[in-house]
Amino acid sequence: MQFDSLSAFFEMGGYGFYVWLAFLVTFITMIGLVVESYWAKKQLIIAFGAQMARKKRIKDRQKKEVADK
């Protein structure tokens, strides 16, 4: 579909509000997904690091207890 002017393009034959609102909602949703994915990855890395540190402390403590006996 061709538009005669830029304002006609934004009006979209009277449906511009709904069309641009749909684009806005989609864009905000996609940005939200990217941000949430980044945050979840960061939290997963932090949790994994904490779990590995805990396992290392347990292993070190067990070695110390064996060496003390």
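## Surface and aromatic features along helix α2

Val34 is found in helix α2, and in this predicted model Val34 counts as exposed because its relative accessibility is 57%. Computed along the chain, Val34 and Arg61 are 27 residues apart in sequence, and their C-alpha atoms lie 41 Å apart in space. Helix α2 covers residues 16-68.

### Charged residues of helix α2

Arg61 belongs to a positive surface patch, which is formed by Arg54, Lys55, Arg57, Arg61 and Lys64. Arg57, another member of this patch, has its place in helix α2 and, with 54% relative accessibility, counts as exposed.

Side chains of opposite charge can pair when their charged atoms come close. The count of salt bridges in the model comes to one, and the partners are Asp60 and Lys56, whose closest N and O atoms are 3.0 Å apart. Both Asp60 and Lys56 lie in helix α2, where they are four residues apart, or about one turn of the helix. The two partners fall into separate exposure classes: Asp60 is partly exposed at 37% relative accessibility, whereas Lys56 is exposed at 52%.

### A nonpolar patch on the surface

A nonpolar patch on the surface is formed by Tyr15, Phe17, Tyr18, Leu21, Leu24, Val25, Phe27, Ile28, Ile31 and Val35, and together these residues have about 1,100 Å² of accessible area. Tyr18, one of the residues of this patch, lies in helix α2 and counts as exposed because its relative accessibility of 57% is over the cut-off of 50%.

### Aromatic contacts between helices α1 and α2

The count of aromatic pairs comes to six. Among them is the pair of Phe9 and Phe10, which is edge-to-face, with 5.4 Å from centre to centre and 65° between the planes. Phe9 also pairs with Trp20, and because the ring centres are 5.6 Å apart and the planes stand at 65°, this pair is edge-to-face as well. Phe9 lies in helix α1 (residues 6-11) and Trp20 in helix α2, so this pair ties together parts of the chain that are 11 residues apart in sequence. Phe9, Phe10 and Trp20 are members of one aromatic cluster, which also contains Phe3 and Phe23.

The table gives the relative accessibility of three residues of this cluster.

| Residue | Relative accessibility | Class |
|---|---|---|
| Phe9 | 30% | partly exposed |
| Phe10 | 43% | partly exposed |
| Trp20 | 31% | partly exposed |

### The loop between the helices

Met12 is found in the loop between α1 and α2. Most residues other than glycine have a negative phi. Met12, although it is not a glycine, has a positive phi of about 50°. Is Met12 buried or exposed? Its relative accessibility is 18%, and because buried means under 20%, Met12 counts as buried.

### The picture as a whole

Helix α2 holds the exposed residues Val34, Tyr18 and Arg57, as well as the salt bridge between Asp60 and Lys56. The link to helix α1 described here is the edge-to-face pair of Phe9 and Trp20, while the loop between α1 and α2 contains Met12, with its positive phi.

Notes
Residues numbered from 1 in each chain as written. Predicted model: local features only at pLDDT ≥ 70, side-chain atom pairs only at ≥ 80, totals over all residues. Heavy atoms only, no water. Patch = residues over 30% accessible without salt bridge, like charges linked within 9 Å, V, L, I, M, F, W, Y side chains within 5 Å. Areas by Shrake-Rupley, 256 points an atom, 1.4 Å probe, with all protein chains shown as cover. Salt bridge = Lys/Arg side-chain N within 4 Å of Asp/Glu carboxyl O. Lys, Arg positive; Asp, Glu negative; His and termini not counted. Charge placed at Lys NZ, Arg CZ, Asp CG, Glu CD. Helix = DSSP H or I, 4+ residues; strand = E, 2+ residues; numbered from the N terminus. Buried < 20%, exposed > 50% of the residue type's maximum accessible area, 1.4 Å probe, protein only. Phe/Tyr/Trp six-rings, centres within 6.5 Å; stacked < 30°, edge-to-face > 60°.
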